[in-house]
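Welcome! Here is a set of short exercises, each with a worked solution. Have a look at the structure first, then try each task before reading on.

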Amino acid sequence: MALPPILRERLRLPVVASPMFIISNPELVIAQCKAGVVGSFPALNARPREQLDDWLAQIRETLDAHDRAHPDQPSAPFAVNQIVHRSNDRLEHDLEMCVRHRVPIVITSLGARPEVNDAVHSYGGIVLHDIINNRFAHKAIEKGADGLIAVAAGAGGHAGTLSAFALVQEIREWFDGPLLLSGAIANGAAVLAAQAMGADLAYVGSAFIATHEARAAEAYKQAIVAGSAEDILYTNLFTGVHGNYLRASVVAAGLDPDNLPQSDPTSMNFSSDRPAKAWKDIWGSGQGIGAVKAVVGAGELVERLTREYRAAFNRLTALQAGAG
């Protein structure tokens, strides 16, 4: 099945920038969209909840102005991430804001709920649901999601443990709709590889932490630049859901990264104030950060990814020609 127009017509690179808790803000989203990739942020980043209305208005107005000034190179659409877990006591309010502002793409996480999908569909928006295995993928589509985000091993934040090859292969056996792949994608060659194995778009997060627009401490950005795959730790201690984090931030919090206790998954809580306290000083990151060499603007990062994507495509074309 072809991608819906919203995910096809205005992207200059087949990338959706993933929503990062605390990090993603309107400035980053706007820069990502202007550069030609889907920008996104978690609704819970807007605090207090009333700020979400202001953020959505700011993004809409700024991108509309950009499009009027650059009709030949309009911005990519933006997305809002909604945590649909039952402990999120802001969901009803935040979803209402998305409907009011007609957010074009809603990314849902930690549960699939038909009523959320129906609300987004009511104004013509689409829903992408992130999953870590094939069973959850089936449930998401059965409950009305339009597309899937396969969160494979090595992805930043909440992530699964399955190989990207295995996860995409299993999903594509039965699903021909929009499929995004997440997991250690931080250069253009990896974006092309995601498409080669069957995904439509790449889902890129950690590389955007080391950008000028990201709402991250300078030490966090520099840790991304200095880090590599070996610096990533996988644990469920901090939110009740397994995720990948920078080992240095765990050590700085006074914890032994090699002897972390397990959290009770039933204690997972995404109420209005809990996530900020749980995540404030623990830095999420995926395994692909070895590709990040400097803190740059989000637009410059997209330009790098685009150059690398084209170079990888040309290499592949040359290899195919040689084999022929």
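**Exercise 1. A charged pair**

Does Arg90 count as buried or exposed, and at what relative accessibility?

Solution. Keep in mind that this is a predicted model.
- Step 1: Arg90 has a relative accessibility of 2%. The cut-off for buried is under 20%, so Arg90 counts as buried.
- Step 2: Look for a partner of opposite charge. The side chains of Arg90 and Asp94 meet in a salt bridge, with N and O 3.0 Å apart.
- Step 3: Check the partner. Asp94 has a relative accessible area of 0%, so Asp94 is buried.

**Exercise 2. More salt bridges**

Find how many salt bridges the whole structure holds, then describe the ones made by Glu9 and Glu308.

Solution. A general idea helps here: side chains of opposite charge can pair when their charged atoms come close.
- Step 1: A search of the whole structure gives 9 salt bridges.
- Step 2: Glu9 pairs with Arg8, at 3.6 Å from N to O. Glu9 counts as exposed because its relative accessibility is 57%, while Arg8, at 41%, counts as partly exposed.
- Step 3: Glu308 forms a salt bridge with Arg304, and their closest N and O atoms are 3.0 Å apart. Glu308 and Arg304 are about one helical turn apart because they sit 4 residues from each other in helix α11 (residues 298-323).
- Step 4: Glu308 is partly exposed, with a relative accessible area of 26%, whereas Arg304, at 18%, counts as buried.
- Step 5: Some residues join into a network of salt bridges: Asp53, Glu96 and Arg100 are linked in this way.

**Exercise 3. A lysine without a salt bridge**

Work out where Lys221 lies and what its side chain reaches.

Solution.
- Step 1: Place the residue. Lys221 belongs to helix α8, residues 218-226.
- Step 2: Look at its surroundings. Lys221 is one of the buried residues of α8, together with Tyr220, Ala223, Ile224 and Val225. The buried residues of this helix pack against β11 (243-246).
- Step 3: Search for an opposite charge. The nearest such side chain is that of Glu218, 4.7 Å away, and Lys221 has no salt bridge. A salt bridge needs a nitrogen within 4 Å of a carboxyl oxygen.
- Step 4: Search for another polar partner. The Lys221 side chain reaches the backbone oxygen of Thr211 at 2.8 Å.
- Step 5: List the contacts. Setting aside residues up to four places away in sequence, Lys221 touches Ile209, Ala210, Thr211, His212, Ala214, Ala216 and Val295.

**Exercise 4. A buried leucine**

Which residues is Leu167 in contact with, leaving aside its neighbours within four places in sequence?

Solution.
- Step 1: Leu167 has its place in helix α6 (residues 164-172).
- Step 2: With 0% relative accessibility, Leu167 counts as buried.
- Step 3: The contacts of Leu167 are Ile131, Ile132, Asn133, Asn134, Ala150, Val151, Ala152 and Leu162.

**Exercise 5. Empty space**

Find the largest cavity and the second largest pocket, and say what lines them.

Solution. Rolling a probe the size of a water molecule over the atoms shows where empty space is left.
- Step 1: The structure has 1 cavity of 30 Å³ or more, and the volume of the largest cavity is about 40 Å³.
- Step 2: The lining of this cavity includes Val84, Thr108, Arg113, Asn117 and His129. Both α4 (114-121) and β5 (126-131) supply at least two lining residues each.
- Step 3: The second largest pocket holds about 230 Å³ of space. It has 13 lining residues, and those closest to its centre are Arg10, Arg60, Ala76, Pro77 and Pro104.
- Step 4: Helix α2 (residues 51-69) gives the largest share of this pocket's lining, 4 residues.

**Exercise 6. Unusual backbone**

Where are a cis peptide bond and positive phi angles found?

Solution. Most residues other than glycine have a negative phi, and most peptide bonds are trans.
- Step 1: The bond between Arg47 and Pro48 is cis, with omega about 5°. Pro48 lies in the loop between β2 (39-42) and α2.
- Step 2: Ile22, not a glycine, has a positive phi of about 75°. Ile22 is in the loop between β1 (15-17) and α1 (26-35).
- Step 3: Ala184, not a glycine, has a positive phi of about 65°. The loop between β8 (179-182) and α7 (188-196) holds Ala184, which counts as partly exposed at 34% relative accessibility.

Conventions. Residues are numbered from 1 along each chain as its sequence is written. This is a predicted model: local features need pLDDT of at least 70, side-chain atom pairs count only at pLDDT 80 or more; totals for chains, interfaces and linings use all residues. Side-chain values use heavy atoms; hydrogens and water are left out. Buried means under 20% relative accessible area, exposed over 50%, partly exposed in between (1.4 Å probe, protein chains only). Lys and Arg count as positive and Asp and Glu as negative; His and the chain ends are not counted. A polar contact is a pair of N or O atoms within 3.5 Å; within protein, one must be able to donate a hydrogen and the other to accept it, and residues adjacent in sequence count only if both atoms are side-chain atoms. Contact means heavy atoms within 4.5 Å. On a 1 Å grid over the protein atoms alone, a cavity is a set of points where a 1.4 Å probe fits but cannot get out, and a pocket is an open set with protein on both sides within 12 Å along at least five of seven lines; lining residues have an atom within 4 Å of a point. Grid points are joined across faces, edges and corners, and a volume is the space filled by probe spheres set on the points.
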